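Work through the exercises below with the sequence and the model side by side. Each task is followed by a solution in steps.

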Amino acid sequence: MRKELLEKVEKEIPEYERKSVHVDGEEQRNWDAIVERGGRQALAMVTKRYVLVQTREVFRRFLEACPEDVDGTVDYYRGTAVLTVFPAGLGVGASVVNSVDKNASLQMRFVWRAGGFNVYLPPHVAGVRRIHVGRVSETFGDLADALAKANATWQAIVETLSRRKATEEDLKVVAKAAGKKCGKAVEEWFAGQERRPDVWRLVLKAMELVAARRFKSPVRREERMRRLSAVLLAHALGT
């Protein structure tokens, strides 16, 4: 429910502050370090013109604009935070990412929940949206329609890939994208199937194996899953 997600945001997402930077005792006038409030470890180096956005506040506004009947996750790791929400009745949700180092500045992607892991709709299919800090409510208002369209897009993708049998070339591409250990496991799984699996099953198996690996944090796992989704689905859809 939305209330539980709001509580997690308040508990798990820190506030940030700027600190002046000194090298050999001399202040660097053009640079600041971003740290967790009260902390000392630099999460990012930014120019004086950099506008610091408090992720906690943005996530709070986003959730307040959501319907009450949503579930999802809140994760944080060293300056990067991920909020993923799934409205009731839809297989597709929205994942919002923000990092103080600007690698993923208030980006929103569409995501499909597959058992214990997430598959991300490719940017070239649904795009990557950026959230304006002052227009969070409007963004979610537009998102309601976008989620319904994304859900229909997912269904079409699943139906298309489920009808096509995986080839040796598909296996080669998927195994390489999954990495050495997971790729080998994919190949062994493929070889052990009585009937040649369809492309969708092959993609899901690779993602399942990668998701089960040990990562430093859920944030790092989702970064890997976003990249893997893009590569695998781009190949599978021939785009």
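The exercises go from the whole chain to single elements and then to single residues.

The model is predicted: local features need pLDDT of at least 70, side-chain atom pairs count only at pLDDT 80 or more, and totals for chains, interfaces and linings use all residues. Residues are numbered from 1 along each chain as its sequence is written, and side-chain values use heavy atoms, with hydrogens and water left out.

**Exercise 1. The chain as a whole**

Task: State how many helices and strands the protein chain has, and what percentage of its residues count as buried.

Solution. Step 1: the protein chain holds eight helices and nine strands. Helices (H or I, at least four residues) and strands (E, at least two) are DSSP runs, numbered from the N terminus. Step 2: 46% of the 239 residues count as buried. Buried means under 20% relative accessible area, exposed over 50%, and partly exposed in between, with a 1.4 Å probe and protein chains only. Step 3: the chain exposes about 12,900 Å², of which carbon and sulfur atoms supply 47%. These accessible areas come from the Shrake-Rupley method with a 1.4 Å probe; for residues, only the protein chains shown count as cover. Step 4: take the contacts between residues at least 6 apart in sequence; 56% of them join residues at least 24 apart. Contact means heavy atoms within 4.5 Å.

**Exercise 2. The two sides of helix α1**

Task: Find which residues of α1 are buried and which elements they pack against.

Solution. Step 1: in α1, residues 2-12, the buried residues are R2, L5, L6 and V9. Step 2: these residues lie on the same side of α1, because they cover an arc of only 100° around the axis. The arc is that of the directions from the helix axis to the C-beta atoms. Step 3: the face turned away from the buried side carries the exposed residues K3 and K11. Step 4: the packing partners of the buried residues are α2 (55-64), β4 (70-77) and β5 (80-87). Step 5: K8 is also in α1, and it counts as partly exposed at 36% relative accessibility. Leaving aside neighbours within four places in sequence, K8 is in contact with I13 and V74.

**Exercise 3. The sheet of β1, β2 and β3**

Task: Determine which strands stand at the edges of this sheet.

Solution. Step 1: the three strands make an open sheet in the order β1-β2-β3, with antiparallel pairing. Two strands pair if DSSP finds at least two bridges between them. Step 2: β1 (16-23) and β3 (44-47) each have a single partner strand, so they stand at the edges and one side of each is left without a neighbour in the sheet. Step 3: with direction ignored, neighbouring strands of this sheet are turned by 40° against each other on average. Step 4: four bridges join β2 (residues 26-36) and β3, and W31 has T47 in β3 as its bridge partner. Step 5: the loop between β1 and β2 contains D24. D24 has a positive phi of about 55° although it is not a glycine, and it is exposed, with a relative accessible area of 81%.

**Exercise 4. Strand β5 and its partners**

Task: Describe the surroundings of β5, then place T84 within them.

Solution. Step 1: eight of the eight residues of β5 are buried, so the strand is largely enclosed by the rest of the structure. Step 2: in a regular strand the side chains alternate between the two faces of the sheet. Here T80, V82, T84 and F86 point one way, while A81, L83, V85 and P87 point the other way. Step 3: β4 and β5 pair antiparallel over eight bridges, and they form a hairpin with two residues between them. R78 in that turn has a positive phi of about 45° and is partly exposed, with a relative accessible area of 48%. Step 4: β5 and β6 (residues 92-99) run antiparallel and are joined by six bridges. Their hairpin has four residues between the strands, and G89 in the turn has a positive phi of about 90°. Step 5: T84 is buried at a relative accessible area of 3%, and T84 is the bridge partner of T73. The side chains of T84 and S95 make a polar contact at 3.3 Å. A polar contact is a pair of N or O atoms within 3.5 Å; within protein, one must be able to donate a hydrogen and the other to accept it, and residues adjacent in sequence count only if both atoms are side-chain atoms.

Key: Axes fitted to C-alpha atoms, helices over the stretch in contact; angles between N-to-C directions.
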